[in-house]
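User: Please take a close look at the salt bridges in this structure. Which residues pair up, and where do they sit?

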Amino acid sequence: MYLLDANTLIDAKNYYYPIDRVPEFWDWLIYHGRSGNIKIPIEIYRELYGQKGKKDELVTWAKRAEVKKTLLLKESAEPDLVSRITYGGYLPNPTDDEIKRMGNDPFLLSYALRDPENRCVVTTEVSKKSKKGAGAKIPDVCEKFDIRCIDSFQLIRELDFKTSWNKQ
């Protein structure tokens with residue numbers, strides 16, 4: 001199962017696959033959500049709603065009943081796993097500001113840590129080993145926990161996205 005970070009969808013909408021220009025990509029995500037291949041944890045899903053009530057195409061898409069039903073991971077975070085990621089992957093004693101800076105990343109990684117053999121994190125963040133603490137990058141924290149982490153382009157290769165995917 002591929003667990004998507006919000007930036008994979010935000011960047012796809014902004015740069016690679018605008019919803020109005022490449023609707024096949026967005027339908028492909030729903031298809032794979034229905035198949036159980038792609039999911040988004042609730043903490044990450046909420047990030048798609050944007051900043052302070054701003055609405056855009058991604059917010060509208062994410063709020064569709066079909067999208068929510070098929071892509072939302074139907075699990076709750078396990079506090080002990082979130083703690084393991086937070087304190088073992090980022091900082092042993094983070095301040096409130098540092099926890100805020102980490103955002104929902106520890107939650108995303110905790111869902112993958114639940115079943116690292118069968119789950120993979122997908123993010124557009126890139127490794128930057130010099131970033132430590134609350135600023136650590138997802139790929140680097142994943143590495144500490146032996147969680148597989150790939151980027152959006154690897155995802156589309158592995159699940160074979162083509163604009164004609166639904167005509168096969």
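Analyst: The answer below goes through the salt bridges one pair at a time. This is a predicted model, in which local features need pLDDT of at least 70 and side-chain atom pairs count only at pLDDT 80 or more, while totals for chains, interfaces and linings use all residues. Residues are numbered from 1 along each chain as its sequence is written, and side-chain values use heavy atoms, with hydrogens and water left out.

A salt bridge here is a side-chain nitrogen of Lys or Arg within 4 Å of a carboxyl oxygen of Asp or Glu. By that rule there are 10 salt bridges.

One of them joins R34 to E66, with the closest N and O atoms 2.7 Å apart. R34 belongs to helix α2 (residues 23-35) and E66 to helix α5 (residues 65-71), 32 residues apart; helices (H or I, at least four residues) and strands (E, at least two) are DSSP runs, numbered from the N terminus. Relative accessible area is called buried under 20%, exposed over 50% and partly exposed in between (1.4 Å probe, protein chains only). R34, at 52%, is therefore exposed, and E66, at 36%, is partly exposed.

E143 pairs with K129, again through N and O atoms 2.7 Å apart at their closest. E143 is in helix α9 (residues 138-144), whereas K129 is in the loop between β3 (120-122) and α9, 14 residues apart. K129 is partly exposed because its relative accessibility is 47%.

In the pair of E158 and R148, the closest N and O atoms are 2.3 Å apart. E158 lies in helix α10 (residues 152-158) and R148 in strand β4 (residues 148-150), so the bridge ties together parts 10 residues apart in sequence. E158 is partly exposed at 28%, and R148 is partly exposed at 39%. Elsewhere, E75, E78, R114 and R119 form one network through salt bridges that share partners.
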